Structure formats: C-alpha cells, structure tokens
Amino acid sequence: MQEKDLIKYIKGDTSPDEKKSVIEWIKKDSEHQKQFNLLKAEYVASTLDSLSDMDVNVQYQRFSSRKSKKRRYYYAAIAASIIVPFISWYMFTSFPDNNLIVDTTEIFSTTTKHVTTSHGGYKTVVLPDGSTIVLNANSSLTYPNTFTDSIRKVTLIGEAFFDIKRDVTKPFIVTTDHINIRVLGTSFNVKSYPKDEKIETTLVTGKVEVFQQQIEKPIVLEPSQRAVFDKEKSNIKVDRVDSKNIVAWQEGKLIFDKTPLKQVVLDLNRKYNVEFVIKSDSLLQYKYTGEFDNLTLKEVLELLKMSSPINYKNVNNKVMLNSE
C-alpha cells in the first residue's frame with residue numbers, strides 16, 4: 001500500500017472501494033497497523049499549521065517534502081515534543097479491549113470516524129444524532145462527526161444492528177457494496193460481509209427502503225421481512241423471518257434455519273477466528289438448522305457432529321469438515 005493512498009484515506013477522500021482496500025490492508029497485519037498509525041501521527045503533526053481542503057496530491061507532496069527535509073524547526077519542536085510522543089503512547093500501550101483496531105481517525109479527524117471490530121468482537125456506537133448501532137464481529141462502520149447535510153449517511157462493511165432516531169427532515173442512509181438502505185427512524189439489521197454471497201437487510205420495527213444500486217425503485221420492507229441481495233445474480237428477493245433470530249448474535253447466539261453450510265462456517269469463523277475447510281462435496285450442498293447459544297468452539301463442533309451428518313477433525317489449526 002502506497003503512502004499516498006494512506007494519506008488519501010486519512011483525509012477522508014477515498015471512494016468506498018478504496019476505503020475498503022485500505023481497511024483490509026490495515027487489518028491484515030499488525031505491522032501494517034503500526035505503519036498506518038505512525039504515518040497518520042506524522043501527517044497530522046505536519047499539517048497543523050495549514051489544515052485546509054487542498055487536493056490530496058498537493059497535501060501529500062507537501063508532507064513528503066517536509067519528511068525529506070527532516071521537517072522544519074517548528075514541526076520538530078511541536079510534533080516531536082508533544083504530538084508524536086502522545087500518539088506513540090496512545091497507539092502502543094496495551095488496550096484491554098483487543099477487539100479494536102486502533103485508528104487515529106477517531107482522535108484527529110475533523111470530518112469522519114471509523115470504528116472496527118475483530119473476530120468475536122462487538123461494539124456499540126452512539127451516533128451524533130443519538131442513534132445506536134451495535135457492530136458485529138469483523139465489521140467496520142464509517143460515519144461523520146456531525147450530520148450537517150440533508151441526510152444522515154453511514155457506510156457499513158460487515159454486520160450491524162441499527163436503532164435509528166426518527167428525523168423526517170434527515171433520512172438515514174446505510175451504504176454497502178451493492179445496496180443502500182433508507183429509513184426515517186426504525187430498527188433493522190444489515191449483514192454485508194465481502195466474503196458472503198448475499199447481503200441481507202432485516203426489518204425489526206418501522207419501515208425501510210432497500211435500493212439496489214443503479215435501480216431507482218426501492219423495495220419497501222415491513223417488520224419481520226428480509227431483503228436478500230444475491231451478489232452473483234444481482235437481484236433481490238424478500239422473505240419473512242423471525243427477526244429475533246436474525247439479531248440474536250447480539251446475545252452471543254448463532255441461529256441457523258436451513259442455512260448453507262458454506263455460510264455457517266463463515267459465521268463461525270468470524271465468531272471463533274478459526275478457519276474451516278469443507279472436504280466433502282456433498283456438504284457443500286448441505287443446509288444446516290440449529291442454534292448455538294454462547295457455546296465454546298469445542299461445544300459447537302460436537303453439536304454439529306450430533307445434529308447433522310458432519311464429522312470433524314483439527315489439522316494444523318484448521319477445522320476439517322467431512323460427511324460421516
């Protein structure tokens with residue numbers, strides 16, 4: 001990842017696809033995370049005297065120039081003695097919540113905040129308008145420090161439960177890779193992981209409009225309805241579900257109802273941070289129904305074995321699944 005691209009992300013000038021690439025690069029390796037944190041600390045310090053909306057290329061060239069000249073005296077005096085030590089302490093001390101990727105955007109950004117969770121992690125976010133979002137494992141949420149426009153817009157990668165304050169003057173918009181969700185005030189769940197074959201929007205209370213990108217006419221959901229966008233077929237189907245089961249992940253539960261095993265193991269991977277390998281072709285077509293209520297990984301595997309034609313064994317920190 002080039003420094004120029006990271007600076008662009010730090011300024012909040014990236015497109016959704018570019019932002020996704022940077023986030024995935026940061027999460028991929030702890031060294032990447034350290035590199036990003038240090039770069040942002042240096043960038044913020046080097047631009048304290050001239051925060052503006054100038055083009056990212058100009059800002060990056062200015063930043064790079066100052067780095068090559070070993071920075072001016074005032075930068076050395078201010079940044080080295082105050083800001084850089086503070087950032088270094090903040091970034092590299094031990095944090096009790098190991099679900100968080102430390103992101104200095106939350107400290108310094110004047111426009112947006114970015115929140116992430118790791119495997120098995122959850123985080124509750126209170127938005128500037130008082131709305132509440134619970135972020136599931138391996139997910140990220142980007143939103144502005146203040147909602148100053150005519151809409152309230154956030155970007156989600158992964159899964160989250162939204163409880164949105166009603167404001168008829170400012171519709172609330174959730175953007176994902178393929179669909180957007182528009183509400184005035186309601187509660188709903190969105191599941192939009194990059195590796196999943198489908199994106200799901202489930203309404204709990206109120207009303208939501210689901211927009212497929214490039215198609216103007218929305219699909220309007222009623223409570224306990226789910227809109228499922230198929231990435232490969234590029235279409236949306238609506239079915240009726242028990243919304244309590246869909247949002248049960250907030251209580252540590254995983255509930256499956258005729259769910260393809262490929263999707264089951266993706267959900268288990270996000271919760272337990274263990275790679276699953278399906279070794280049997282017949283299991284690729286298998287659909288699992290069952291509930292895992294705050295179980296350990298060992299308990300999950302044993303329940304899978306007892307309640308389905310699935311056997312397992314652990315090989316090199318991977319769980320190999322075979323048909324019995």
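**Entry 1: strand 8 and its neighbours**

I began with strand pairing and found that strand 5 (residues 152-163) runs antiparallel to strand 8, with six bridges between the two. A reminder to myself: this is a predicted model. I then looked for a facing pair here and noted D163 opposite S187 in strand 8.

Next I asked which way strand 9 runs beside strand 8. Strand 9 (residues 198-205) is antiparallel to strand 8, and I counted five bridges joining them. In this pairing, N189 stands opposite T202 of strand 9. I also looked at the link: strands 8 and 9 make a hairpin, with five residues between them.

**Entry 2: is strand 8 covered?**

I looked up burial along strand 8, which spans residues 187-192, and six of its six residues are buried. In a regular strand, side chains alternate between the two faces of the sheet. I therefore sorted the residues by side: S187, N189 and K191 lie on one, F188, V190 and S192 on the other, and all are buried. Both faces of strand 8 are covered, then.

**Entry 3: helix 8**

I moved on to helix 8, whose 12 residues run from 261 to 272. From first C-alpha to last I get 16 Å, close to the 16 Å expected at 1.5 Å a residue.

Which residues of helix 8 are buried? My list reads L261, Q263, V264, V265, D267, L268, R270 and Y272. I was glad to note charged names such as D267 and R270 among them.

Last, I checked what follows the helix: N273, just after helix 8, takes a positive phi of about 55°.

Definitions and conventions: Residues numbered from 1 in each chain as written. Predicted model: local features only at pLDDT ≥ 70, side-chain atom pairs only at ≥ 80, totals over all residues. Heavy atoms only, no water. Helix = DSSP H or I, 4+ residues; strand = E, 2+ residues; numbered from the N terminus. Expected span 1.5 Å × (residues − 1). Buried < 20%, exposed > 50% of the residue type's maximum accessible area, 1.4 Å probe, protein only. Pairing = 2+ DSSP bridges.
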